[in-house]
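Visitor: I should like to have the terms used for this model justified one by one. May we look at it together?

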Amino acid sequence: MTLTPRSKTLVIMPAWNEAESVFSTVQEVLEHGPDCDVLVVDDGSTDATARLAAEAGARVIRLPFNMGVGGAMRTGFKYALQHGYEQAIQVDADGQHDPREIQRVLDGLANADIVIGSRFEDRKEYEVKGPRKWAMVVLGGVLSRISGTRLTDVTSGFRAANRRAIRQYVAHYPAEYLGDTIDSLVVAVRSGCTVAQVPVNMRARQGGTPSHHPVKAAVYLVRSGLALVFALTRKKSSPVGD
Amino acid sequence: MTIVAVLFVVVVLVFVIEMLRRQKIREKYAVLWIVIGIGTLVLAAFPDLLFWAARVIGVQVPSNLLFAIALILLLGVTLHLSREVSSSEDEIRSLAEEVAILRADLRDVQGQLPAEREPRPRP
């Protein structure tokens, strides 16, 4: 292990108690992904996540306590900035992002500062219903308007950032609920970053299950709405120059 | 009754100032309590002030004015504390991020050092 980056690309993988999947996901990224360094940000796990990630060949940062995906990602972006990476991409540790598609999402950075790997809209198996769907439609509509591009999957965690966006994230990445997806995007766009989306395939998660409970979905709707309203009404952050 | 009220306020004030002196409480929080304490002291010494204020504002029962003022002040104090806790939390989070990155870097640097930790045999 060396301090200087081996590659220009950093894959940031936030992981909280992902011991069942982190080893295979890291290995798969190293094997099938592009030339990159993999950084696993262990978000205060109580299981063997950190050890398994290191054994699989990732660099590991261990946060002293659980800070949520937002905190883990901000740490990852800080690391990327301090170590001079040109671009960074978030990949979930649960294996739902296909490492073979990392390069495709990264390629999108050629004409945008932030690229979101979005699920195909027409694939049946990823269909969501009820409040969660309404939330996604509304969020997508609003974010499409302010960013000036059509965005269909704004809560996707499969997203890449160039140096400009990384710098912007480090300065203003919010720690609030959904800060890692909606809030960060709104803030970045309003301070001058451009966004694009690339269609990708999502796979089933290797561990954990998505929640479909109606109450949880309703709570999600309310909280995401609030997150959006707050993000939109917040004072514009000053653009971060190169 | 006035004596009891004055005594109580004095005790609270002495307590706050003592905490301040021993650096158990930061000045920015203590100031609030000292101001509230002095205000209460004035009211306890001159109860007529309360009756006068109630008449001017148009509150029928003077004690209700007292309760309202107390509620508003306490609300202010708790909001202030929430704000301070939030900013402390932000600071803690940033520190945690920095520490975590530094620890990872330190491990990398240690890995690069030549492994000469064991004492060498003397020639």
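The exchange below sets each term against its definition.

Guide: This is a predicted model, in which local features need pLDDT of at least 70 and side-chain atom pairs count only at pLDDT 80 or more, while totals for chains, interfaces and linings use all residues. Residues are numbered from 1 along each chain as its sequence is written, and chains are lettered from A and ligands numbered from 1 in the order in which they are written.

Visitor: What makes a stretch of chain A a helix or a strand, and how many helices and strands are there?

Guide: Helices (H or I, at least four residues) and strands (E, at least two) are DSSP runs, numbered from the N terminus. By that rule chain A has eight helices and seven strands.

Visitor: How do you know which strands of chain A form a sheet, and what is their order?

Guide: Two strands pair if DSSP finds at least two bridges between them. Seven strands of chain A form an open sheet with mixed pairing, in the order S3-S2-S1-S4-S6-S5-S7. Strand S3 (59-62) and strand S7 (195-200) of chain A each have a single partner strand, so one side of each lacks a neighbour in the sheet and they stand at the edges. On average, neighbouring strands of this sheet are turned by 20° against each other, direction ignored.

Visitor: What makes the pairing mixed, and which bridges show it?

Guide: Strand S1 (residues 9-15) of chain A runs parallel to S4(A), joined by four bridges; there A:Thr9 has A:Gln87 as its bridge partner. S1(A) also pairs with S2(A) in the parallel sense over six bridges, with A:Leu10 partnered by A:Asp37. Strand S2 (residues 37-42) of chain A is in turn joined to S3(A) by four bridges, again parallel, and A:Asp42 stands opposite A:Arg62. By contrast, S4(A) and strand S6 (residues 159-162) of chain A pair in the antiparallel sense over three bridges, where A:Gln87 has A:Asn162 as its partner.

Visitor: Why is S2(A) called mostly covered?

Guide: A residue is buried if 20 or more other C-beta atoms, placed from the backbone, lie within 10 Å of its own, exposed if 12 or fewer, and partly exposed in between. Six of the six residues of S2(A) are buried: A:Asp37, A:Leu39 and A:Val41 point one way, and A:Val38, A:Val40 and A:Asp42 the other. In strand S4 (residues 87-90) of chain A both faces are likewise covered, by buried A:Gln87 and A:Ile89 on one side and buried A:Ala88 and A:Gln90 on the other. Over the 242 residues of chain A, 48% are buried.

Visitor: What makes a set of residues a nonpolar core, and which members of the largest one touch the most others?

Guide: Such a core is a set of buried Ala, Val, Leu, Ile, Met, Phe, Trp, Tyr and Cys residues joined through C-beta atoms within 7 Å. The largest has 71 residues, of which A:Val11, A:Met13, A:Leu39, A:Val40 and A:Ala88 touch the most other members.

Visitor: How do you know that helix H3 of chain A has the expected span, and why is H3(A) called largely enclosed?

Guide: The expected span is 1.5 Å times one less than the number of residues. For the 15 residues of H3(A) (residues 68-82) this gives 21 Å, and the end C-alpha atoms are 21 Å apart, which agrees. Because 13 of the 15 residues of H3(A) are buried, the helix is largely enclosed by the rest of the structure.

Visitor: Why is A:Asn17 called partly exposed, whereas B:Gln23 is called exposed?

Guide: A:Asn17 has 18 C-beta neighbours inside 10 Å, and therefore counts as partly exposed. B:Gln23 has 8 inside 10 Å, and so counts as exposed. A:Asn17 lies in the loop between S1 and helix H1 (19-32) of chain A, and B:Gln23 in the loop between H1 and helix H2 (27-45) of chain B. Neither is a glycine, yet phi is positive, about 50° in A:Asn17 and near 60° in B:Gln23.

Visitor: How many residues of each chain take part in the contact between chain A and chain B?

Guide: Two residues are in contact if their C-beta atoms, placed from the backbone, lie within 7 Å. The contact takes 18 residues from chain A and 12 residues from chain B.

Key. Axes are lines fitted to C-alpha atoms, for helices over the stretch in contact, and angles run from 0 to 180 degrees between N-to-C directions.
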